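Please look over the sequence and the model together before reading on. The report is meant for someone meeting this structure without earlier knowledge of it.

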Amino acid sequence: MPAEYCERMRAIEVARFGGPEVLTLVDLPAPEPGPGQLLVRTDAVGINFIDTYFRTGLYPRELPYVPGTEGTGRVVAVGEGVADVGVGDRVSWASADGSYAEQVLVPAAVAVPVPDPVPAEQAASALLQGMTAHYLLNSTYPAQPGETVLVHAGAGGVGLLLTQLAAAKDVRVITTVSTDEKETLSREAGAAEVLRYTDDLAERVRDLTGGEGVAAVYDGVGAATFESSLASLRIRGTLALFGAASGPVPPFDLQRLNPAGSLYVTRPTLAHHVRTREELMWRAGDVFAAVADGTLTVRVGARYPLAQAEQAHRDLEARRTTGSIVLVP
Ligand code: NDP
């Protein structure tokens with residue numbers, strides 16, 4: 001084994017569902033890469049809102065587990081049958097369980113080579129949120145130049161990336177944010193109009209669209225915004241409900257979509273948009289190429305030592321973070 005491989009490693013473990021306090025630093029034996037797997041020493045780990053859904057038990061899973069699905073690092077060992085990745089290579093991934101750790105088992109099928117100019121913190125946090133923005137904008141509702149869309153949580157991880165990608169396509173972006181600082185960031189990312197989550201939000205959106213409403217709403221906030229998202233759509237508009245930062249949306253009567261304007265509602269997820277290696281490399285390649293050439297900025301709003309994963313979750317859930325956030329082991 002090369003020098004960087006360590007037989008033991010620090011990791012975060014969740015042994016019971018609950019608040020951020022259940023994120024516990026532990027010392028574990030390093031896992032062994034099986035067939036088709038890489039063992040990667042992490043340089044940085046991406047923290048995503050979905051990590052909080054698993055931690056609370058909203059999304060069920062077996063206990064105990066090491067949280068996190070995203071990161072970047074250098075390969076320290078390869079399992080049987082791995083052909084095109086070698087020890088020392090830099091890779092990133094968006095879907096390898098157990099990423100809040102100094103060493104992570106990554107299926108070679110989901111490992112993506114990192115272009116040299118992309119620094120570790122950006123490489124750790126660009127893929128999951130960037131590929132989400134990519135599929136929302138290119139596959140779920142492919143917004144056209146000149147159309148107007150609404151992006152909730154415009155200064156969040158997905159929000160800043162989605163706004164930049166949409167603005168680059170000459171799509172007019174209206175966002176929502178909760179603070180003045182977030183408004184500034186959202187405008188810098190290319191938002192044409194930035195609103196607060198007020199009761200008359202849909203009215204404001206209609207005023208900004210000549211009474212028509214927007215072609216699509218990309219809504220990762222969920223319970224708190226769902227009704228105003230629907231009310232903000234134009235006839236035959238699309239609501240892409242891709243998350244639940246404020247809580248899950250309650251059951252919904254489909255019949256309401258008819259008088260509201262023959263609306264479309266979908267609840268997409270990244271895993272269904274990177275099902276083949278080809279599709280993964282298309283989206284990841286686009287994201288990393290744009291980050292490498294400077295046309296897409298990944299704002300890392302905060303970084304935390306691995307041992308402070310608890311604080312990172314507290315900040316994320318309290319809406320204190322902007323852009324992407326990472327753990328640095
Ligand atoms: P963000 O960085 O966007 O953080 C969440 C943001 O949501 C907050 O900063 C806050 O911004 C806003 N928010 C509004 N209401 C609340 C609330 N009650 N509690 C907490 N936050 C709130 O997180 P991510 O970029 O990691 O994820 C954004 C959303 O996208 C999440 O719902 C996540 O689950 C989803 N997602 C879905 C994917 C998919 O494929 N379906 C993949 C990736 C992410 P503000 O203060 O401005 O309101």
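The sections below take up the domains, the ligand shell, the sheet and two points of backbone geometry.

## Domains and annotation

The model described here is predicted, and its chain is assigned two domains, of which domain 1 covers 8-127 + 275-328 and domain 2 covers 145-267. Between the C-alpha centres of domain 1 and domain 2 there is a distance of 28 Å. Contact between the two involves 10 residues of domain 1 and 12 residues of domain 2. On the side of domain 1 that touches domain 2, the residues are 6 polar, 2 nonpolar and 2 charged.

An unreviewed UniProt entry places the feature "domain: Enoyl reductase (ER)" at residues 18-327. Within residues 18-327, helix makes up 29% of the chain and strand 25%, while the C-alpha atoms at the two ends are 20 Å apart.

## The shell around the ligand

Where does the shell around the ligand lie with respect to domain 1 and domain 2? Because domain 1 (8-127 + 275-328) and domain 2 (145-267) both contribute residues to the shell, it lies between them. There are 30 residues around the ligand, and those that come nearest are G156, G157, S178, G220 and G243.

By character, the residues of this shell comprise 15 nonpolar, 12 polar and 3 charged. Several helices take part, since at least two residues of the shell are supplied by each of α1 (49-56), α2 (120-140), α3 (157-168) and α8 (309-317).

## The parallel sheet and helix α3

An open sheet is formed by 6 strands, which follow the order β10-β9-β8-β11-β12-β13 and pair in parallel fashion. At its edges are β10 (193-195) and β13 (264-266), each of which pairs on one side only. Neighbouring strands of this sheet are turned against each other by 15° on average, when direction is ignored.

Towards one edge, strand β12 (residues 233-241) pairs with β13 in the parallel sense over 3 bridges, and A240 has T266 in β13 as its bridge partner. Helix α3, one of the helices that supply residues to the ligand shell, lies across β8 (148-151), β9 (172-176) and β11 (214-219), and it runs at about 165° to β9.

## Two points of backbone geometry

Which peptide bond is cis, with omega near -10°? The bond in question is the one from L63 to P64, and P64 is located in the loop that connects α1 and β4 (70-78).

A second point concerns A153, a residue other than glycine whose phi is nevertheless positive, with a value near 55°. A153 belongs to the loop between β8 and α3, and these two elements are also linked by packing, in that α3 lies across β8.

Key:
Residues numbered from 1 in each chain as written. Predicted model: local features only at pLDDT ≥ 70, side-chain atom pairs only at ≥ 80, totals over all residues. Near = placed C-beta within 6 Å. Helix = DSSP H or I, 4+ residues; strand = E, 2+ residues; numbered from the N terminus. Nonpolar A, V, L, I, M, F, W, Y, C, P; charged D, E, K, R; others polar. Domains from an automatic or database assignment. Pairing = 2+ DSSP bridges. Axes fitted to C-alpha atoms, helices over the stretch in contact; angles between N-to-C directions. Contact = placed C-beta atoms within 7 Å. UniProt positions renumbered as here; feature names shortened; annotations may be inferred.
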